[in-house]
Amino acid sequence: MHAFAYERPATLAEALALMQAHGSAARLLAGGTDLIIRLRDGSARPSVVIDVKRIPELDPGIRVDAGRLVIGARTVMTDIAADAHVRRHFLALAEAASVVGSVQIRNRATLAGNICNASPAADTAPPLLVYDATVVAAGPDGTRRIPIDAFFVRSGVTTLVPGEIVTAIELPVPDGPLGAAHQRRTRRRGHDLASVTLSVAIGGSGTTRLAYGSVGPRPVLHVDGSGVLADASATAEAKARVFEAAFADASPSPRSMRAGPDYRLAMLRVLGARAVATALDRLAGE
Amino acid sequence: MSADGTGISPTRVGTSPNRVGGIGRVTGAQQYVADVRLPDALEVKLVTLGVAHARILSIDASAALAVPGVQAVFTAADLPRPVPRFGPQFVDRPVIATGETKYHGEPVAAVAAETKDAAEEAARLVRVAYEEIAPVVTIDDALAPGAELVQDPSIRPNDPLAGTNVLREHRFGWGDVDAEAATADVIVEGDYTFPMVTHFAIEPHAYIAAPDGDGIAVWSTIQHPNWLQRILSGVLGMPLSKVRVYAPDPGGGFGGKQHAKYEPLIAFMALRTGRPCRLVLSLEETFQAVRRTTTKVHVRHGLRTDGTIAFVDVRADYNIGAYADIADRVVAKGSYPAAGPYRVPAVRILSRSVLTHTVPATAFRGFGNPQVNWAVESNLDEAARALGIDRLEVRLRNVARTGDTLNPVDTRCDGEWDQSVRKAAEMIGWGRPLPAGHGRGIALGIKSGPTTGLSYSTVRLLSDGSVIVLAGTSDMGQGARTVFAQIASTELGVPLDRIAVVMGDTSIVPYDQQTSASRSTVLMGNAVLSACRDVQARLRAMAAKLHGIDEAAIEVAGGVVRLPDREIGVMDVLKPGLGRMGGEVIGNGMARKDAEPDHPLSGSAAFFEFNCTAIETAVDEETGDVTIVKHVTVSDVGKALNPLQVRMQDEGAAIQGLGHTLMEHYIYDDAGRIRNLGAIDYRIPTSMDLPLHMESAVVENEDGPGPYGAKGMSEGALLCVASAVGAAVRDATGAELHDLPLTPEVVWRALRERDRRRAEEVAR
């Protein structure tokens with residue numbers, strides 16, 4: 001492993017100052033489940049690694065505050081998947097968090113890290129998109145709130161500006177009944193990177209929010225206001241037309257070795273139908 | 001009673017005591033090669049190029065040498081001229097790349113430094129100027145007219161195939177295939193491919209070499225320490241007595257650790273630097289060091305209407321990579337039993353070892369047989385379908401019975417194989433109704449056991465009645481230590497905890513040819529048994545002298561000495577027999593199977609490994625997901641000396657077989673680079689990928705050549721996993737499957753193809 005300096009700031013202000021001082025030569029370390037791999041294989045060669053695990057402002061924790069669920073930046077997948085609030089209001093996020101990596105990885109990997117890594121295959125991206133999450137980022141000029149759909153750019157790139165640190169992710173607690181589900185495709189049942197991810201959230205009003213990943217440079221959100229997907233009696237043909245529109249932005253790479261583009265596109269439709277069916281069942285049970 | 005007077009019963013064969021060394025393995029106390037720390041050792045890092053095939057123009061080590069802690073950057077220029085080559089079958093692999101690289105991952109230089117970080121940093125800074133040459137990657141590439149030659153014809157003198165990429169052609173067979181084909185009632189043929197996979201032993205491959213007086217000491221994760229000793233003696237020009245190989249118990253080998261890889265390089269580096277040198281491969285580097293041969297097989301079966309097989313005609317091309325290693329032997333021995341465990345009047349087999357610019361292939365559990373089994377058993381199913389005969393029935397009708405001729409020049413059928421088939425069929429519920437979307441498959445596998453063998457053992461009965469067994473087998477997890485201790489315990493009446501089994505040091509332990517081909521229980525087991533019997537003979541002589549009676553009147557067995565008038569314990573003889581000065585009783589044993597020069601494989605099978613695997617699957621038609629609902633494996637083992645270990649070997653082999661069946665494969669790009677190096681994009685089965693139910697059973701008729709009637713059995717349950725799973729998926733869906741692994745995407749495509757075919761039929 002390439003040699004680097006290690007810093008462990010005790011406050012957010014110190015961390016921001018370190019980020020200012022080192023610029024792109026610095027990398028943040030939270031769970032380390034992406035960074036350590038990249039340090040080992042040499043694809044990341046920072047001169048300083050800033051460990052954020054002692055910063056109280058980033059402390060792990062999930063709380064409800066003024067109609068929003070606030071997930072601290074260092075909250076790990078295991079805790080998100082098990083949290084009663086998350087399971088009650090954001091089941092698709094719990095489902096996604098529970099399939100990230102392996103048990104050991106979920107005990108370390110943070111939600112903030114998962115989205116900052118900005119892998120198109122990130123499991124938690126589709127549920128955050130369907131739940132209309134907001135990313136809270138602290139920077140030298142204060143705190144910004146970034147809608148999750150405006151956060152992802154492409155693999156490894158977000159709209160965070162240099163020097164910013166994500167402090168929390170917020171999700172608005174739904175004000176009415178919502179049925180949601182998360183689905184993914186992998187090459188095996190054991191822990192694996194997803195070749196397709198997909199979440200849906202269907203509201204009582206008939207609006208369906210559908211998001212998918214791993215089929216293009218960034219995860220995609222599609223909002224269907226037609227009510228067709230929410231209508232259990234809609235024909236398969238009618239639903240297929242909505243899916244065609246929803247998946248129009250999918251552009252899976254022919255160079256991927258995880259799955260061929262035609263398989264991925266076909267699986268989007270299979271997962272979409274399955275997720276909608278599950279979400280409708282859950283909505284009916286609300 | 002116990003021989004040593006402790007009152008503790010000996011642990012006989014046929015029971016399942018705790019694994020000898022098992023606690024060390026599960027607590028992490030066991031010292032693997034990578035745990036061996038020699039003072040003053042240098043860490044080695046290999047320098048490789050990001051291409052498969054290139055001419056090396058120059059190597060500039062100046063920047064690497066400037067890294068603090070770097071002691072040497074070693075290249076072919078640091079070796080004797082011509083650069084020494086080695087290999088178990090062909091002397092073709094250079095110690096380090098010389099002039100050119102032949103596969104992605106072949107080292108062109110090696111850095112030795114005080115720390116691993118310094119070695120890695122310096123390895124990045126070695127500047128290699130090279131000219132890339134288009135590689136031949138696939139069998140088709142290699143056989144195309146005018147293809148780039150992987151091996152320089154000059155290293156293959158007097159070889160008519162030297163101007164091609166075919167290293168060897170093997171022809172086996174008997175009877176008149178063409179005449180049978182003219183009268184067969186149905187002929188079915190097909191093409192099948194088997195993916196390139198790696199062994200994925202959990203213990204990393206590791207090598208340490210240290211100057212040792214006027215010789216050298218080498219620690220290696222090697223399965224065949226004596227063979228490595230011979231290779232090192234050859235390339236270093238040292239007598240065997242000056243090359244000491246330490247081979248701590250490996251953490252999984254599966255064939256990948258049979259033969260020398262980087263030991264010669266590390267030995268030269270240790271001699272050059274005068275310091276111990278140490279190389280532990282990463283998983284990514286291991287992918288570039290060991291893999292299984294991959295195949296394209298064309299198979300043709302002819303059957304008569306009653307279901308009997310009239311002929312089998314097989315052409316098998318094996319992609320063996322850039323150097324031969326032991327792969328050509330894999331090709332010969334893997335294709336030789338291609339007709340299967342059946343009575344077949346006419347068989348024609350043509351197999352070829354094809355050189356390519358890919359990782360040199362080597363032995364892998366099953367030794368070339370699973371590749372051909374996938375083709376032949378799958379095709380036999382199609383033939384049964386064409387005849388309208390049940391797939392189990394066609395197998396029962398043709399499977400050889402004890403004493404039947406298989407290959408006329410080889411060992412006859414040496415087991416009641418139909419018992420295994422019937423048992424597996426019963427366990428899977430063959431013929432019973434299935435839920436929709438489910439299917440069943442059944443397949444038979446056969447593998448020739450060792451064709452030659454030589455194992456020596458020394459058993460030392462010490463003055464307190466405890467025992468040391470010296471046996472040169474490598475216990476890589478199969479449990480050889482336990483089985484040898486059980487044999488000694490049975491023969492000498494000593495409890496297991498008073499027996500030490502010493503392995504893995506060529507200066508101390510007598511010669512063993514190799515740990516492979518599921519041979520150790522049979523060959524080394526017989527050597528240990530005969531060494532124990534030698535100890536018994538010496539005890540008999542000792543007792544005769546003590547009691548003044550004729551040796552012939554005394555019997556020693558199982559720790560009991562039977563005098564004409566009474567029984568006494570071994571200690572009752574040993575103690576007075578050795579007397580005040582102490583000492584020990586030393587027994588020597590040997591098991592030998594000689595080569596047969598006129599035999600097509602230079603030796604008939606010591607025994608056959610026979611297995612029947614039966615599978616029930618459920619298939620998700622929308623996604624192509626295959627769920628193994630039930631996996632049944634039945635092996636003919638002769639006698640299970642340790643039933644629990646036998647079961648673990650069967651289950652382990654079965655699960656390993658699910659890897660190449662469902663998910664494992666190397667992905668090469670057009671430039672011959674491996675795209676999925678490492679664990680992220682090369683997937684092996686996890687506990688979550690296991691069958692929902694798995695059952696293993698054995699057939700024991702005590703009809704093997706090993707101790708107490710045992711046969712070797714560690715590979716059998718892997719032989720026909722793919723064939724049985726493929727058959728079950730075919731049964732569930734009607735989709736034809738020819739290419740492994742059966743990933744969801746591959747199955748999904750086969751389902752689309754089935755739909756297309758059905759639509760065509762409807763249209764007609």
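**Note on a predicted two-chain model**

1. In chain A, the centres of domain 2 and domain 3, taken over C-alpha atoms, are separated by 21 Å. The domain assignment of chain A lists domain 1 (5-51), domain 2 (56-172) and domain 3 (180-285), with bounds that come from an automatic or database domain assignment.

2. This is a predicted model, in which local features need pLDDT of at least 70 and side-chain atom pairs count only at pLDDT 80 or more, while totals for chains, interfaces and linings use all residues. Residues are numbered from 1 along each chain as its sequence is written, and chains are lettered from A and ligands numbered from 1 in the order in which they are written.

3. Between the two domains named at the start, 22 residues of domain 2 of chain A are in contact with 24 residues of domain 3 of chain A, where contact requires that the C-beta atoms of two residues, placed from the backbone, lie within 7 Å. On the side of domain 2 of chain A that touches domain 3 of chain A, two or more residues come from each of helix 5 (91-97), helix 8 (125-130) and strand 8 (152-154) of chain A, and helix 8 of chain A gives the largest share, five residues. Helices (H or I, at least four residues) and strands (E, at least two) are DSSP runs, numbered from the N terminus.

4. By class, that side of domain 2 of chain A has 15 nonpolar, three polar and four charged residues; here Ala, Val, Leu, Ile, Met, Phe, Trp, Tyr, Cys and Pro count as nonpolar, Asp, Glu, Lys and Arg as charged, and the others, Gly among them, as polar.

5. Chain A has 10 helices and 14 strands. Its radius of gyration, taken over C-alpha atoms, is 19 Å, close to the 19 Å that the globule rule (2.2 Å times the number of residues to the power 0.38) gives for 286 residues, so chain A is as compact as a globular protein of that length. Of these 286 residues, 46% are buried, that is, 20 or more other C-beta atoms, placed from the backbone, lie within 10 Å of the residue's own.

6. Chain B has 19 helices and 28 strands, and buried residues make up 58% of its 764 residues. The C-alpha atoms of chain B fill a box of roughly 95 × 70 × 50 Å along the principal axes.

7. Where the chains meet, the contact takes 18 residues from chain A and 19 residues from chain B. Helix 3 (116-125) and helix 19 (744-763) of chain B each supply at least two residues of the side of chain B that touches chain A, and the residues of that side divide into six nonpolar, five polar and eight charged.

Key: A residue is buried if 20 or more other C-beta atoms lie within 10 Å of its own, exposed if 12 or fewer, and partly exposed in between; C-beta atoms are placed from the backbone.
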